[in-house]
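The following note comments on a single-chain model and is arranged as numbered points. It is meant to be read alongside the sequence and the coordinates.

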Amino acid sequence: MMKSSNSTYLLLVIMALVAVHMASGDPPDSKLQPYEPGIVSVEEIEKLFPLLNEDELLQLYQKGELSHFFRRGDTPVLVPGDDLQTKISADLLDISSTAGVEVVFLMPEGHSNITTAQLTGKLLEMSTLEGLEYFSESKNEMRILFSQSYVIADVDSRKRMPDPIVDMVPIQSSILILQEDSTFGKNLNTVSFDVSSSVIHMVTENLSSFTWGPIPIIRPGSMHLHVVVLRMDNYIVYYGCFGAKALRVNLFENRIHNSFYNRLVALYGWFEDKLVR
């Protein structure tokens, strides 16, 4: 947590960074209004993310994004808010996570007329994940992440169903999905979602084993993907976290971390793109 004795110095650094940013005139590389330092105050960031050190706070303020890798016994540090921090940390502990990655992005709201129910509906449009690309570390190129992705009626029939429609919040529910992953093959997952007026929390859990070639590395129920969308007054906090109890983690740790990170970035890009449609 930021020490109060260093607040003046940190604020001076931040003011200088803002001045440089404004003078640079760099064009935005996003379809949405680009993040700029000052959209979220350093005090708000410190309140939302009390586990960050000064360098991390400054980076999040300056760039609007941050990532963190963790191992067995580590605590995620980028979860926004104490309640979600407690809940997600307990979940990762429950599955005995041995490897994980988390990312957080700060986004200008830009769509004040969209309701939380509509935002939830966008996140549950599982069929639109088909064809999503991500950067493959092993292939050193962009690849299709999901060649198939859709809601199913049940595990036995695997009958394809339409994407769910959410017309009111609060809501707590879950769906079953089938996804064919370019690396891990065809998998079944549950997606649970808990939505209030300003917080969307989704958890995806694998129902089938993940394999790397012929080698099983993640057993059923041992991989959880957390996605949190937190609506603030003039900005959105997007948080994503992969945690898994991976077998042979000492052999595959770097690959797992890099793969999870690139997938989280791809999923954020998918979400960001949906906001402009």
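**Notes on the model**

1. Aromatic pairs. Across the whole structure, a search returns seven aromatic pairs. One aromatic cluster is formed by Phe105, Tyr238, Tyr268 and Phe271. Tyr134 has a charged neighbour: Arg263 lies over the face of its ring, at 5.1 Å from the ring centre. The model is a predicted one, and the remarks below should be read accordingly.

2. Overall composition. The chain contains six helices and 12 strands. Of its 277 residues, 49% are buried. Where contacts link residues at least 6 apart in sequence, 64% of them join residues at least 24 apart. The accessible surface of the chain is about 13,700 Å², and carbon and sulfur atoms account for 51% of that area.

3. Nonpolar cores. In soluble globular proteins, nonpolar side chains tend to be buried together. Here the largest nonpolar core comprises 48 residues, and Met126, Tyr238 and Phe271 have the most contacts inside it. Helix 6 (residues 249–275) supplies the largest share of this core, with nine residues. Apart from this core lies another, of 29 residues, including Ile39, Val77, Val104 and Tyr235.

4. Tyr238. Which residues does Tyr238 contact, leaving aside its neighbours within four places in sequence? The list consists of Val103, Val104, Phe105, Met107, Val227, Val228, Val229, Leu267, Tyr268 and Phe271. Phe105, Tyr268 and Phe271 are also its partners in the aromatic cluster.

5. Strand 9 and its partners. Strand 9 (residues 199–206) is largely enclosed by the rest of the structure, because seven of its eight residues are buried. Strand 8 (residues 185–195) pairs with strand 9 in the antiparallel sense over seven bridges, and the two form a hairpin with three residues between them. Within this pairing, Glu205 of strand 9 stands opposite Thr190. Strand 9 is also joined by seven bridges to strand 11 (residues 215–231), and these two strands run antiparallel. There, Val228 in strand 11 is the bridge partner of His201.

6. Helix 5. Is helix 5 (residues 116–123) largely enclosed by the rest of the structure or exposed? Seven of its eight residues are buried, so the helix is largely enclosed. The buried residues are Thr116, Ala117, Leu119, Thr120, Gly121, Lys122 and Leu123. The presence of Lys122 among these buried residues may merit the reader's attention.

7. Cys241. This residue lies in strand 12 (residues 235–246). Because its relative accessible area is 0%, Cys241 counts as buried. Leaving out residues up to four places away in sequence, Cys241 touches Phe70, Leu92, Val101, Glu102, His224, Leu225, His226 and Leu264. Its C-alpha atom is 9.5 Å from that of Val203, a residue 38 positions apart from Cys241 in sequence.

8. Val79. The loop between strand 1 (65–71) and helix 4 holds Val79. Is this loop residue buried or exposed? Val79 is buried, because its relative accessibility is 2% and the cut-off for a buried residue is under 20%. Beyond its neighbours within four places in sequence, Val79 is in contact with Leu48, Phe49, Leu84, Gln85, Ile88, Glu102 and Tyr239. Glu102 thus appears in the contact lists of both Val79 and Cys241. The C-alpha atoms of Val79 and Val227 are separated by 10.0 Å, although the two residues are 148 apart along the chain.

9. Backbone geometry. Most residues other than glycine have a negative phi, and most peptide bonds are trans. The peptide bond between Val169 and Pro170 is cis, with omega about 5°. Pro170 belongs to the loop between strand 6 (160–161) and strand 7 (171–181).

10. Positive phi values. Ser96 has a positive phi, near 55°; this residue lies in the loop between helix 4 (82–94) and strand 2 (99–108). Ser96 is partly exposed, at 34% relative accessibility. Arg158 likewise has a positive phi near 55°, and this residue lies in the loop between strand 5 (146–152) and strand 6. With a relative accessible area of 38%, Arg158 is partly exposed.

How values were computed
Residues are numbered from 1 along each chain as its sequence is written. This is a predicted model: local features need pLDDT of at least 70, side-chain atom pairs count only at pLDDT 80 or more; totals for chains, interfaces and linings use all residues. Side-chain values use heavy atoms; hydrogens and water are left out. Helices (H or I, at least four residues) and strands (E, at least two) are DSSP runs, numbered from the N terminus. Buried means under 20% relative accessible area, exposed over 50%, partly exposed in between (1.4 Å probe, protein chains only). Contact means heavy atoms within 4.5 Å. Accessible areas come from the Shrake-Rupley method with a 1.4 Å probe; for residues, only the protein chains shown count as cover. Two strands pair if DSSP finds at least two bridges between them. Rings of Phe, Tyr and Trp (its six-membered ring) pair if their centres lie within 6.5 Å; planes under 30 degrees apart count as stacked, over 60 as edge-to-face and the rest as tilted. A charge sits over a ring if NZ of Lys or CZ of Arg is within 6 Å of the ring centre and within 35 degrees of the ring normal. A nonpolar core is a set of buried Ala, Val, Leu, Ile, Met, Phe, Trp, Tyr and Cys residues joined through side-chain atoms within 4.5 Å.
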